[in-house]
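User: Please examine the structure shown below. I shall then ask about selected side chains.

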Amino acid sequence: MDVRTMYRTLENDLHRFARSIARHRQEADDLVQLALEKALANPGIAGLPVHKQRAWFFRVMKNQLIDERRREKRVTGWEEEYDFPIREQALSPVEVTDLLSSLSDEQRDIVFKRYWIGLTSQEIGSQLGLPPATVRYKLSRAVKQLRKKLEE
């Protein structure tokens, strides 16, 4: 049995399962597609009985969804933590310059690249030769300093 025949046999079950665990139809379709890509890379699946093929596909889709949710949680969690709160009163460019001048050159560079250019910690780290975790730590320290300065 080749992958095409296997897919035709299991198509309804795969899509039904994917829709039951996904947030929306596109996410379900992505799960099915990724599972099929893994099946193509693993030719031993075609030799299994149908019930084991179905179980393999379900497990692959579920694990892929779990990985994706963990990735989303990790990325959005630290980005929300370091974003500045929205203020009703905007600062003038002179005030922003004065505020940023209280930071070290490295901290100022990291804050600028993150909030004005919009780079991720990984991109900033590759430019500065630092690990992404170090960039996030230094960013959090800079944000805390800026908040303290704003409160004064």
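User: In which helix is the place of Ile-117?

Analyst: This is a predicted model, in which local features need pLDDT of at least 70, side-chain atom pairs count only at pLDDT 80 or more, and totals for chains, interfaces and linings use all residues. Residues are numbered from 1 along each chain as its sequence is written, and side-chain values use heavy atoms, with hydrogens and water left out. Helices are DSSP runs (H or I, at least four residues), numbered from the N terminus. Residues 105-117 form the helix that holds Ile-117, namely α5.

User: Is Lys-113 buried or exposed?

Analyst: Buried means under 20% relative accessible area, exposed over 50%, and partly exposed in between (1.4 Å probe, protein chains only). Because its relative accessible area is 13%, Lys-113 is buried.

User: Which side chain meets Lys-113 in a salt bridge?

Analyst: A salt bridge requires a side-chain nitrogen of Lys or Arg within 4 Å of a carboxyl oxygen of Asp or Glu. The partner lies in helix α5 with Lys-113, four residues apart, about one turn of the helix. At 3.4 Å, N to O, the side chain that meets Lys-113 is Asp-109.

User: How many residues apart in sequence are the parts that Arg-23 and Glu-72 tie together?

Analyst: The side chains of Arg-23 and Glu-72 meet in a salt bridge at 3.1 Å, N to O. Arg-23 lies in the loop between α1 and α2 (25-41), whereas Glu-72 lies in helix α3 (residues 50-82), so the parts tied together are apart in sequence by 49 residues.

Key. Helix = DSSP H or I, 4+ residues; strand = E, 2+ residues; numbered from the N terminus.
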